[in-house]
Each structure stands twice: as structure tokens, then as C-alpha cells.
Amino acid sequence: MELTTIWFLLVAVLFTGYFILEGFDFGVGMLLPVLGRDDRQRRVLINTIGPVWDGNEVWLITAGGAMFAAFPEWYATLFSGFYLPLLLILLALIARGVAFEYRHKRPEASWKRRWDHAIFWGSAIPALLWGIAFANIFRGVPLDADHEYVGGLLHLLHPYALLGGLTTLGLFLTHGAVFLALKTTGDIRHRAGTLAVRLGLGTAVVAVAFLTWTLTIRSSPAAVVLAASVALALLGALAAARVRREGWAFTGTAVAIALAVATLFAALFPNVMPSTLDPAGTLTATNAASTPYTLTIMTWVAVIFTPIVLAYQGWTYWVFRKRIGVQNIPQH
Amino acid sequence: MDALDVARWQFGVTTVYHFLFVPLTIGLSVLVAILQTRWHRTGDEKYLKLTKFYGKLFLINFAMGVVTGIVQEFQFGMNWSDYSRFVGDIFGAPLAIEALVAFFLESTFIGLWIFGWDRLPPRLHLASIWAAAIGTNLSAYFILAANSFMQNPVGYRFNPDTGRAELTDFVAVLTNKVALITFPHTLAGAFLVAGSLVTTVGLWHLMRHRTSPDTDAYRYATRFGAWVVLISSTLVLLTGDIQGKIMTQVQPMKMAAAEGLYTTESPASFSVLTIGSLDGSREVFALKIPYLLSYLGTGDPHGTVHGINDLQAQYASQYGPGSYTPIIPVTYWSFRFMIGFGLAAAAIALLVLWTQRKGRTPTNRWLLRAGLIMPALPLLANSFGWIFTEMGRQPWIVFGEMLTRDGVSRSVSLTEVLTSFTAFTLIYAVLAVIEFKLLLRYARAGVPDVTPTPDDTDDAERPLAFAY
């Protein structure tokens, strides 16, 4: 396999990992005002992701770094072209990350309420915008022959992209609800499970609509199979959630997110950012790539370190595998 | 004002701001790990109290370092896309490796450390803070290797077919002599900040509460912090000296700009104070120490140090017409502030140790006042150090290869970059106030009570040892 293809796959894998892991963090953040009826319940929700959210966010930093190292043209065009949406994502991630750490640092209700807002919006905005961004990458944006983005903000906000945003929003909400059902006890667990089924049904409709639209834009046999599997995985997850098999339900939503990302990347290849104007402006895995020398070095680094990272990150989840409930929340 | 100016201001503001938190993360992670190791070894409760106390301050600061760091990685693509295109083949690799090798280690193990007090065996819990500290310190190496490429590009060739700089020798990039010396210099500067914070907080409690049962802990913290400051300031000076000599070789203009040295001199004298003419082309008044600059720059008191005007003429003939001179007042003063503030912190640390000789307790009110401003001094020194090294490279973004004005994103409008600059500045200002107040609140609260509470409830009912 060519090095550029390997790195296309690796970037896809890193974004998939990011969406699966921070997907449920975003879901938990958005469900904070819904499932957390009082301060202790809200603290239960936050503490389900407390030990892991930071490590989950590093998947984004690694995905960005990998894109920069392996496909500098893609990184440069995407990040400068999607300037304002990325700015909003950054501001949201800043407010949200600080909120987790600072919320419990003062006892006043008004203090906590402000950080609860930061967690909610800091989760909802990226959950929506990542879908909009990836739908645009896939559909293509106006790029000139130098691969420079020549559209404005409004070029990024069209029905297909908005449907993509709703799809990630729905997937992350469902994924978060299932995660909470898996990680909590008592009343929260019960309500999270019920909510997951309702949210999941709505999400399934939106996701099927989005993926069908996706396949009419650009398609490959692999993409069709993947897209159909998204719906199956999601429905399987909901069935499992209904009978309170939370481990299976979580596996199902994680697989659904992975397959949805895989569908987009599979149908995109070998392009990485199609141009809707000059076909010469289209960025591909070949013309956006670094030199074979750089890609070879990076491949070795990835081969050696990725398994190590997966091992200790996986171990962290094992250490904090226990469910928690309001009885486990200390007074201070 | 155009988009380029605003993009530069944004990079300056967000980077200096990010680096207010990073030194504390780098230094304090290790100092907390040392405190916890001492507790593990001796079983003395005082060390556990200090671990938890400084650990709390560390985490308040850590969160800010993390979230402002994401902006740094995104900003190259968002605002400096032509730069990213030009150097991505070289510059992206250390960034990706930093994330994969260092950031994962740091963030995963910090989570284990924060929440793992009752979940992990003590040895493993101790290992977690060390793993996080190693990750943090390692991350500094990769980002400094990337920055050093901009100061002194090595291990690459310019490919005229692709119009970009391409990697030819990755080992050369990682062993860039600028990176090898900037790394210990930056780490020592970070420990200067962390040591100062430990000293300040310990000293305040020691002088305020003379009869507290925790006096012993505060006395230890004060001395521990002050020794860290003294050792790290010595290392800052030693590494800074070597750095000056390397800078004279690879970026002579930066050295000349640091000194306001307009004409080539051999031997060259070190300027204590130089006032230049308004157009910055010649000096009006100067107070100097003979031979010192020659020694600092070349290691030989009679060595030749090239002046700004000669270098400007040389670069103009080498790279074409244009100005290749940084803004002299900025480089000249930031260089002096960097050294001055760093030395001031070291002097206070020396005083703190002197007033505690043979178990005495310091009583002088002026010492307390000086002690309270102490953490601000190395923070300022760090900021001015970065302002100096980045502004001293101007007008280049990659020395000798690409001008800063050619690296900016062409597709980002003035309105867009003004929007982001305003948004970052506002949110950063608000968060700075919040963070500072929280640090004060938790620093004032003092060391926590660590007596274990007897608990016979079963595991499923037991409260978490730590919860957000």
C-alpha cells in the first residue's frame, strides 16, 4: 500500500477515535441540564468523564498534528478555509475544558451555574460544527487553482452541511446517553437509558437521510455497505439499550460513529478536499502529501507509539470502570 | 493595519498567554512528583500535605495550559497557512510526535493521578504523576525542536519543483544545536517559575501563621522552592551563555539587535544602557562594559561581533533589497528585562534562604512583600525571553528562507482575523482573572487536613477520594 494511502487511513482512524471518545464527552456535556436535576446529579454526570476527557481531547490534537505532518496542504487549506467555524470550536473547547476543572472550586450556586452553561454550550457547539465541517470537506468547497479557499462563511452553511451537523449532534447525544446509562447507578442510569432510546430513534432517521444524501453526491461500493451498517449498528444499540444491556448499547453507538466517519472517508478517497470550482484546485491524498521520507519516519513513529498509547489509555478506562451514583459524590 | 499585523498580534498575545501557564505545568509537575516521592519514602505526613496543596494549585493552572495549547496547534493552519504549506513537510512531524508521544502521556496520567488516590496502589499512583511530568517535559522538547527550525533551519532542502522546504535529515532537525541548548534553557526558566511559586506560598504562610501546626511543612516548602530557584537560575545563566554564543553564529542580527550594536566591533563592549536615535540607525548615548559582549558572543574577549548596519548591508546584497533589521527597542529591552527579572527572582530566593539560616523564622515585612511579587518576576522573564527570540528573528518566519509577511493565510480576511483576535483576547482576559483569583483562594487556604476518616461503608457506597 502506498504511504499516502496509509496516512489517509491513519488520519481517518484518528478522527474516528476522536469522535468516538470525545463524542460521548460532548453527549454528557449536552445532557447535563437534562439528566442532572440537582447539583449532586450534575456532579455524577461530570465525574463519569472526569478522569478521561482530557486524554480523549488529545485525539483531536494528534489528528491535527498528523494532518499537518502528512498532508500539509490539506491542513493549511482546511484550517484557513474553515476559519470561523474552527474559531468557534476552539472557544467552545477552551470554555468547556476550564469548566470541568473550575466548576467545583467554589461553593456558590451562581458560580456552578455559569460553568454548567460553559459545559453545555462548549459541548453542543463542537458537536454540531464538526458535522458541518466534515460534510463540507466531503461535498467540496470553492478552492482556486492554488488550493486556496475562496468562499465565505455562508458557503459552509447549506442544507447538506446542516444535516451533517445534526447527524453528529444526534449521534453524540445518543452515544453520551448510552455512556451515562453504562457508567451510573440508580435514577440517572434509568433515565439515561430511556432517553438514549428516544434520542437514538430520532438520530437514526437523521443519519440515514444524511448518509443517503452523501451517497448521491459521491459513492463507492464500500461506502454503500458502510452506510447501511451505520443504521444497523445504531438500531442494534437501541435494542440493547431498551433491554438495559448497556455495554452492548455503547459498543453499538461507538461502531455507528466509526462507520459513519468511515463512510465519509471511504467515499472521499482518493480526494481529501474536492474543489467545487476549478478541478485543479482539488486536493488529493497525493498532491496534498508530504515527501515519502517524512511519511516513512512518521509511519515508524505511529507504528511504535500508537499501540503503547492505546494500551495505557485503555487501562485508564479499566481503572475507572466502576459505575458511580449520587452516593459516591463527596461533600466537597 | 492589515490582516498580517492583526495575525501577528494574535500570535503574540495567544503565545505569550499560553506560556504563562506552561512553565508552571512543566516545573510544578516535577516538584509535586518530588514531594509525593518524599512522602512515599519517609511516610512523613508533611510531604503528603504539601503534595496535595501544591497539587491543587498545579491543577488549577494545568487546565489553562491545556485549553490554550489547542489554539497554538490550530493557529499555524488557520492564520499561517502559507507558512504551513512551505514547512509542513518538516514542521508538522515534531508537532504530531509531540501529541502522540508526550500529550497522551501527560493528559492520560494526569487523569489517573487526579482521580486515582483511592483507585491505584500507592506506587502506581506515584508513577502516574511522574509519567505526567515526563510527558509535559518531553512535549517541550518537540515544540522547541520545531521552533528551532525557524531560528536555524537544518536538515532540509528547498525543492524548486514543489516550491517548499523538504525534510532530508530528521535527526538533524531533532539535534539542531539551537534546540539542544534552548531545551535546557526553557526548562530551567520553567523551574524558576515553579520554584518561585512554591517559595512565595510557603513564605506567606510561614510569616502569617507563626504558631500553626503546619509551620514545619511551610518552612520545608519555602526552603525547597528557594533552592529550586537558585539552582534553576544558575542553569538559566549557564545555558543562556551558551545560547548567546550559538545565536551569534547562526543569527548574528539577533545578537546585534539584543545589544543595539550598530557597527561591528572587535572587541565589543556590553551595553548596560543604550539610547538610539529615533530612526534606530545609530546610538545617541551608551553606558558600556568593555570586552563583555565579545566574550558573551564568541567566548573570546577580543572576538568580533557584527553590527546591525553591516549585517543589514550584507543581507540586502544576499537576499535582495529590503529591511532585515528587527525592531531594535523591542529586542534591546526585552533582552534586558529577561535577564533582569530572572536575576531579581534569584536574589529574593537567596534572601529567603539567608533569613532562614539555622532554623530562624523570617520576620522582615519587606521580605514578605518582595516574596509576594516573586512568581511574577520569572513569568515576566519567560515572556520577555520569548518576545526577544521571536521578535529578534524578524522579518523572517524561517530565518533566511521565508519572510513572515509571506507566511500569512491569504484566504483569511481582516474582519475574520479581527474577530478571532478580539474573541481570544476577551476570553483569555476573563479566564486570567478567574484563574488568578482561584489560585489566590486556594493558596490562602493552606495545606489540607490529610487524616484518614474511618469508613466502614462498602465499596459501592463509599464517596470518591476526589470528584469534580
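In chain A, residues 6-36 are 97% helix and 0% strand, with end C-alpha atoms 43 Å apart. This is a predicted model, in which local features need pLDDT of at least 70, side-chain atom pairs count only at pLDDT 80 or more, and totals for chains, interfaces and linings use all residues. Residues are numbered from 1 along each chain as its sequence is written, while chains are lettered from A and ligands numbered from 1 in the order of writing.

The unreviewed UniProt entry annotates several spans of chain A as "transmembrane region", among them residues 6-36 and 158-182. Such annotations may be inferred rather than shown by experiment, and their positions follow the numbering used here, with feature names shortened. Two of the spans are set out below; helices (H or I, at least four residues) and strands (E, at least two) are DSSP runs, numbered from the N terminus.

| Span of chain A | Helix | Strand | End C-alpha separation |
|---|---|---|---|
| Residues 6-36 | 97% | 0% | 43 Å |
| Residues 158-182 | 96% | 0% | 36 Å |

Between the chains, 58 residues of chain B are in contact with 63 residues of chain A, contact requiring C-beta atoms, placed from the backbone, within 7 Å. On the chain B side, α2, α3 (81-115), β2 (164-167) and α15 (414-445) each supply at least two residues. The greatest contribution, 23 residues, comes from α3(B). By type, this side of chain B comprises 36 nonpolar, twelve polar and ten charged residues. Here Ala, Val, Leu, Ile, Met, Phe, Trp, Tyr, Cys and Pro count as nonpolar, Asp, Glu, Lys and Arg as charged, and the others, Gly among them, as polar.

Within chain B, B:Leu57 belongs to helix α2 (residues 45-79). B:Leu57 is partly exposed because 19 other C-beta atoms lie within 10 Å; 20 or more would make a residue buried and 12 or fewer exposed, with C-beta atoms placed from the backbone. Beyond its neighbours within four places in sequence, B:Leu57 is in contact with B:Leu439, B:Tyr442 and B:Ala443.

Helix α6 (residues 177-208) of chain B spans 47 Å from first to last C-alpha over 32 residues, close to the expected 46 Å, which is 1.5 Å times one less than the number of residues. Of the 32 residues in α6(B), 25 are buried.

Strand β1 (residues 156-159) of chain B pairs with β2(B) in the antiparallel sense over four bridges, pairing requiring at least two DSSP bridges. One bridge joins B:Arg157 to B:Glu166 in β2(B). Four residues separate the strands of this hairpin, in which B:Gly163 takes a positive phi near 70 degrees.

Definitions and conventions
Two residues are in contact if their C-beta atoms, placed from the backbone, lie within 7 Å.
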